[in-house]
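Colleague: Hi! I'm new to this one. Could you bring it up and walk me through it?

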Amino acid sequence: MSFLQDPPRPVDLYAVDPILRSELRRHLPAEVFEAVQGRFEQLGRDTAGCLYDWAAEAEAQQPVHVPFDSWGKRVDRIDTCPAWGHLKAYSATQGVVATGYETALGEHRRVVQATLLHLFSASSAIFSCPLAMTDAAARVLIDSGSTDLAERLVPKLLSRDPQTFITSGQWMTERSGGSDVGGTETLARPNPDGSFALHGEKWFTSATTSEMALALGRIDDGVNEPVAGSRGLTVFAVDVVRRDDQLQGVRVDRLKDKLGTKALPTAEITLEGVAGWQVGEVGRGVPTIATMLNITRFYNAVSSCSAMGKALWWARDFAGRREAFGELIQDHPLHAWTLDGMEAEYAGALAMAFEVASKLGRFEQGLCDESELRLLRGLIPLGKLTLGKQAVRVVSEGLECFGGAGYVEDTGLPVMLRDAQVLSIWEGTTNVLSLDLLRAEAKDGSMRALIEDLQFRSQALDEGLPLASRSTLRSTLERLASGLQALLTGGDRGALEARARDAALTLGYLTQAVLLGELAAAPGSDARATGRFERFVQQRLSAPWA
Ligand code: MFK
């Protein structure tokens, strides 16, 4: 019999991951960690069990748009496979969304939730996308003061019972732009019952099979001209209803043929008078969706870590079973070096995602003071943009660790890269988020607050950590601080915007380096943590900023 390679196989993504457990020890009191650990262990086991099977099935049986029934009646169904339904039910019973609102967890709820999401996302055929929008819808409804809507919908969005759990879509992007939503053309005409009839075309709606959606539109009362630009926008909650096997007030035009996230139905739709209930104030649609975006961006950041973790641990597992040139590839110094580089990147990303989760949990519990609020406002776009870029790089490197097999569809490996590519695009591109950071700086001083926080924390880094790494970190930080200050005060808006992405990514990597340094110096830490700090500084901060 000629040689047959033992193929890549799914690994228990909790059991295999000491870095995740270090982050949990950093952020959770021991008694909370102990109380929730069983949930993480279960989910970890399922990443190598039922989740793996369902995700594979959902990838193989992608959603199908059925515009008409056999007799020509318009039905606008989107048929998904049973596995997609299992993923939805599983996410409900595990409380992936509900945990973010679990009273007993207090300020730690977002950290516990981030762990569940981290384990779930990359193993769920991206069912994490509907969950992101579901959580965001719950947050918006709770914060909006729309009490009746919140009382009716939030218990379903947060349900752990698959029979009552619903998901929410997000109907925002139109042909005029996903970034510049001020061009939204959807009109909202008042109905006698207080709702609005929505008319328009939405160009990207994900999780289109959801039971509800939040939509952006412009009120047209038939008397006054609708207010133009983003200041004329309002958010509406829409119940997606089928009656007599017909979608009410919504037409599905077609499914998107995307690079990845293929199990997830994403559609172009036309709103044909579907009823929407006003959420938040008239004309305050953008600040209202900003609440939503902050939650979906948090999910996006965690999902980036999830993608990186899966690529890393699968590649490490394979390296321990694949031989080349007479020895396991994990014993080849250059392959080991490559895997260590991926690991450092993943550790930095995870540290940043958990920093965001921790602060978000404190914020939602009303525990953040002014300075923490400034930091959180900056950290959410910063985390999303930095981690989205890292995810594509690390997952791409991960595929390379499998050689040619990483480029062959039926190994189940290329899907990881196709899915990772959406993370830097969806919910704000790298550039849009870099500019959002400038917005946060102008309004709240968030960038300077983040830099000052890092200056303080980097000075306090343990002297036992390698001196060269600490020096590189501090000198890069000082160069960024002075370079950015010059741009912020120089009066040249064009120059400031042109450097916004470089500044943001440098700030993101500095944040991760400090967090890795703090973790390496924490009690019980080992030489590998110091190695990850050193390696991360070397690969991300050795090029000067200015
Ligand atoms: C997973 C699978 C997915 C499948 C494929 C999907 C492919 C992609 C499909 C998509 O289209 S995803 C696109 C999603 N779209 C976005 O994420 C929106 C990106 N654009 C932005 O974030 C823009 O920056 C923004 C729309 C917010 C700009 O709008 P404006 O009207 O020019 O903002 P402006 O005037 O600066 O701010 C309006 C208000 O909102 C201000 O508050 P005030 O009126 O009280 O002063 C801002 O402070 C506030 N605001 C804006 N961004 C905020 C924010 N507040 C808090 N946090 C923020 N991030």
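Colleague: What's the mix of nonpolar, polar and charged residues in the shell around the ligand?

Modeller: By class, that shell has 12 nonpolar, 9 polar and 8 charged residues. Keep in mind that this is a predicted model.

Colleague: Okay, and which residues come nearest to the ligand?

Modeller: Of the 29 residues around the ligand, the nearest are Thr 173, Gly 178, Ser 230, Arg 284 and Arg 439.

Colleague: What does the side chain of Arg 439 reach on the ligand?

Modeller: One of the polar atoms in the Arg 439 side chain sits 2.8 Å from a ligand oxygen. Lys 443 has a side-chain N or O atom 3.0 Å from an oxygen of the ligand. For Asp 436, a polar side-chain atom is 3.2 Å from a ligand nitrogen.

Colleague: How much of the ligand does the protein bury?

Modeller: The protein buries 81% of the 1,200 Å² that the ligand exposes when taken alone.

Colleague: Which elements give two or more residues to the shell?

Modeller: Those are strand E5 (196-206), helix H8 (285-319) and helix H12 (430-444). H8 gives the most, with 6 residues.

Colleague: Switching topic: how many disulfides does the structure hold?

Modeller: The count is 0.

Colleague: Why is Cys 81 without a bond?

Modeller: Its closest cysteine sulfur, in Cys 50, is 14 Å away, so the two are too far apart for a bond.

Colleague: And what about Cys 129?

Modeller: Cys 129 is in no disulfide either, and the nearest cysteine sulfur, that of Cys 81, is 16 Å away.

Colleague: Is Cys 129 buried or exposed?

Modeller: Cys 129 is buried, at 5% relative accessibility. Cys 81 is buried too, with a relative accessible area of 7%.

Terms used:
Residues numbered from 1 in each chain as written. Predicted model: local features only at pLDDT ≥ 70, side-chain atom pairs only at ≥ 80, totals over all residues. Heavy atoms only, no water. Near = heavy atom within 4 Å. Polar contact = N/O pair within 3.5 Å; in protein donor to acceptor, adjacent residues only side chain to side chain. Areas by Shrake-Rupley, 256 points an atom, 1.4 Å probe, with all protein chains shown as cover. Helix = DSSP H or I, 4+ residues; strand = E, 2+ residues; numbered from the N terminus. Nonpolar A, V, L, I, M, F, W, Y, C, P; charged D, E, K, R; others polar. Disulfide = S-S within 2.5 Å. Buried < 20%, exposed > 50% of the residue type's maximum accessible area, 1.4 Å probe, protein only.
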